[in-house]
Amino acid sequence: MAAPGPAAPEPAAELEPSLRLSAERYLRERPEVAMLLRGMLRKVMLHRPRNVLEFAAEYFTDPELPQRIRDQLRTPQPPQ
C-alpha cells in the first residue's frame with residue numbers, strides 16, 4: 001500500500017473568516033497572482049507534462065516571465 005501523500009490544503013471556505021477576507025483582499029489587489037496561476041495552468045493543460053513539478057519549476061523560473069506578466073497587466077483583460 002502506498003504511503004499517504006501530504007495533507008490537502010484547507011479549502012478557502014474553511015479558513016478563519018478574518019484570514020479569508022485578508023487573502024481575498026490581497027488577491028484582488030494583485031492581479032498578477034491570478035495571471036501567474038492562470039498562465040501556469042494553461043501551459044500544463046496544453047503540454048500535459050509527465051513531471052508537473054519540474055515543468056512548474058521551469059515555468060516560474062523563466063527569466064522572461066516577469067515581463068510577460070507586466071505586458072499582460074498593461075493590456076485590458078476581458079471580464080470573467
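Colleague: Let's start with glutamate 24 and arginine 28: what do their side chains meet in?

Modeller: They meet in a salt bridge, 3.9 Å from N to O. The term covers a side-chain nitrogen of Lys or Arg within 4 Å of a carboxyl oxygen of Asp or Glu. This is a predicted model, where local features need pLDDT of at least 70 and side-chain atom pairs count only at pLDDT 80 or more, while totals for chains, interfaces and linings use all residues. Residues are numbered from 1 along each chain as its sequence is written, and side-chain values use heavy atoms, with hydrogens and water left out.

Colleague: Where do glutamate 24 and arginine 28 lie?

Modeller: Both are in helix α1, four residues apart, which is about one turn of the helix. Helices (H or I, at least four residues) and strands (E, at least two) are DSSP runs, numbered from the N terminus.

Colleague: Which residues are linked with them in a network of salt bridges?

Modeller: The network joins Arg20, Glu24 and Arg28. Arginine 20 reaches glutamate 24 at 3.0 Å, N to O. Those two are also four residues apart in helix α1, so about one helical turn separates them.

Colleague: Is arginine 28 buried or exposed?

Modeller: Exposed, at 60% relative accessible area. The cut-offs are under 20% for buried and over 50% for exposed, with partly exposed in between (1.4 Å probe, protein chains only). Arginine 20, at 35%, is partly exposed, and glutamate 24 is partly exposed too, at 32%.

Colleague: How many salt bridges are there in the whole structure?

Modeller: Five turn up in the search. One of them pairs arginine 68 with aspartate 62, with 3.0 Å between the closest N and O atoms. Arginine 68 is partly exposed at 33%, as is aspartate 62 at 24%.

Colleague: New topic. What makes up the largest nonpolar core?

Modeller: Eight residues: Met35, Met40, Val44, Phe55, Ala56, Tyr59, Leu65 and Ile69. At least two of them come from each of α2 (31-47), α3 and α4 (65-74). A nonpolar core here is a set of buried Ala, Val, Leu, Ile, Met, Phe, Trp, Tyr and Cys residues joined through side-chain atoms within 4.5 Å. In soluble globular proteins, nonpolar side chains tend to be buried together.

Colleague: And what does methionine 40 touch?

Modeller: Leaving out residues up to four places away in sequence, methionine 40 touches Phe55, Ala56, Tyr59 and Phe60. Contact means heavy atoms within 4.5 Å.

Colleague: How many aromatic pairs are there?

Modeller: One. Tyrosine 59 and phenylalanine 60 have ring centres 5.0 Å apart and planes at 90°, so the pair is edge-to-face. The rule takes rings of Phe, Tyr and Trp (its six-membered ring) with centres within 6.5 Å; planes under 30 degrees apart are stacked, over 60 edge-to-face and the rest tilted. Tyrosine 59 is buried at 10%, whereas phenylalanine 60 is partly exposed at 40%.

Colleague: Zooming out, how many helices and strands are there in the protein?

Modeller: Four helices and zero strands, running α-α-α-α from the N terminus. Of the 80 residues, 11% count as buried.

Colleague: What is the mean pLDDT of the protein?

Modeller: The mean is 86, and 79% of the residues reach 70 or more. That score is the predictor's confidence in each residue, from 0 to 100. Among the elements, helix α1 (residues 17-29) has the lowest mean, 88, and helix α3 (residues 52-60) the highest, 97. Where pLDDT is low, the predicted coordinates should not be read in detail.
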